[in-house]
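Me: Could you take a close look at one part of this model for me? I'd like to start with a turn between two strands and then see what lies around it and elsewhere.

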Amino acid sequence: MSEAQNIQWFPGHMAKTRRKLRESLDLVDAVAEIVDSRIPASSRNPELAGIIANKPRIVLLNKCDMADPVATERWIKRFRDEGALAIAVDCKSGKGLNTFKNSVKELLADRLEAYRKKGMVGKPLRIMVVGIPNVGKSSFINRMAGGARAKVEDRPGVTRGNQWFKIDNELELLDTPGVLWPKFDDKDVGEKLAFTGAVKDAVLDTEWLAMRLLEILSERYMPMLSERYKIEKGDSYDMLCEVARKRGMVVRGGEGDTLRAANMLLSEFRTQKLGRITLEV
Ligand code: G4P
């Protein structure tokens with residue numbers, strides 16, 4: 001990626017978001033961080049861990065319907081080893097969300113006990129929901145809050161514009177105050193976000209992106225590639241040409257139309273025609 005692209009990609013709003021996040025952290029009991037199960041490392045904001053520091057954290061591995069279930073289990077274990085509770089969810093269908101509240105209670109068991117001892121019964125747990133754009137944050141909040149979007153008014157003394165959602169008498173969610181961007185200045189991260197469609201293709205060369213995807217997939221998911229495109233493992237450009245030829249995408253002279261093949265491959269990956277795939281292990 002060129003330097004110009006890096007600059008264009010990096011929005012630089014982090015300072016404002018960082019401040020808003022810190023102010024709002026005092027108002028919540030825990031943070032729910034939503035990541036994309038297909039790229040659990042690349043779909044995170046690089047500064048978030050430092051900002052939320054010791055706040056209890058629950059990681060929602062969203063879009064688990066699109067990811068490799070074995071890899072998702074490994075990620076759950078990995079996050080738990082790091083001291084964060086993690087659950088796999090699909091906010092499109094709502095799968096897995098019924099465990100969210102109990103997981104939060106498990107995460108905050110000590111705090112709930114302390115509230116109980118002080119006679120503070122009935123105090124709702126407040127959770128801040130964070131995630132990079134397109135990770136499924138709105139889908140999560142909508143699913144949890146129901147169609148009515150049970151909004152709570154801005155609380156006095158709180159950062160203006162904070163959006164609270166009352167889920168029930170036990171749980172309230174706070175939408176991220178500000179936009180949390182991923183680590184755009186890292187080429188690998190940028191690529192993975194482009195594969196999943198989280199950033200527009202136009203930013204990167206389509207054929208190059210498809211070749212990189214073939215290269216990565218051929219390491220762990222070659223059987224899926226062979227099954228769908230009848231190709232063998234090889235150099236990424238050769239594989240792309242072969243995909244084009246096998247799909248009858250040829251230009252004059254019998255050469256494979258690699259641009260058409262690249263667009264098709266990326267689209268088929270994003271719509272899960274290849275199967276459930278996790279790009280980061
Ligand atoms: P954001 O607020 O974090 O920016 O994300 P949002 O909820 O808008 O979700 C971004 C896209 O991801 C949406 O697709 C949404 O439907 C999809 N999505 C969210 N969670 C899941 C999930 O668990 N599984 C799957 N398969 N998709 C999920 P879209 O194409 O923008 O819109 P649409 O398909 O809903 O029309």
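How many residues does the hairpin use to join E6 to E7?

Reply: Happy to! The hairpin joins E6 to E7 through 2 residues. Before going further, note that this is a predicted model, in which local features need pLDDT of at least 70 and side-chain atom pairs pLDDT 80 or more, while totals for chains, interfaces and linings use all residues. Numbering runs from 1 along each chain as its sequence is written, and side-chain values use heavy atoms, without hydrogens or water.

Strand E6 covers residues 164–168 and strand E7 residues 171–175; they pair antiparallel over 4 bridges. Here strands are DSSP runs of E with at least two residues, helices runs of H or I with at least four, numbered from the N terminus, and pairing takes at least two DSSP bridges. One such bridge links Lys166 to Glu172 in E7.

From here you can move to the second largest pocket, since its lining includes Asn169 and Glu170 alongside Tyr115, Arg116 and Pro124, among others. Helix H6 (residues 109–117) gives the largest share of that lining, 3 residues. The lining divides into 6 nonpolar, 2 polar and 4 charged residues, and the volume is about 170 Å³. A pocket is an open set of points on a 1 Å grid over the protein atoms alone, where a 1.4 Å probe fits and protein lies on both sides within 12 Å along at least five of seven lines; lining residues have an atom within 4 Å of a point.

The largest pocket has a volume of about 230 Å³. Of its 14 lining residues, Arg38, Lys63, Asp65, Met66 and Lys92 are closest to its centre. Its lining has 3 nonpolar, 5 polar and 6 charged residues.

Asp65 leads us to the ligand: with Asn134, Lys137, Ser138 and Ser139, Asp65 comes nearest among the 15 residues around the ligand, which have a heavy atom within 4 Å of it. This shell holds 5 nonpolar, 5 polar and 5 charged residues, and helix H7 (residues 137–145) supplies the largest share, 3 residues.

Now for the polar contacts (N or O pairs within 3.5 Å). A ligand nitrogen is 2.8 Å from an N or O atom in the Asp65 side chain. Ligand oxygens also approach the backbone: one is 2.8 Å from a polar backbone atom of Cys91, and a polar backbone atom of Asn134 is 2.7 Å from a ligand oxygen. Taken alone the ligand exposes 700 Å², of which the protein buries 62% (Shrake-Rupley, 1.4 Å probe).

Note on methods
A polar contact is a pair of N or O atoms within 3.5 Å; within protein, one must be able to donate a hydrogen and the other to accept it, and residues adjacent in sequence count only if both atoms are side-chain atoms. Ala, Val, Leu, Ile, Met, Phe, Trp, Tyr, Cys and Pro count as nonpolar, Asp, Glu, Lys and Arg as charged, and the others, Gly among them, as polar. Grid points are joined across faces, edges and corners, and a volume is the space filled by probe spheres set on the points.
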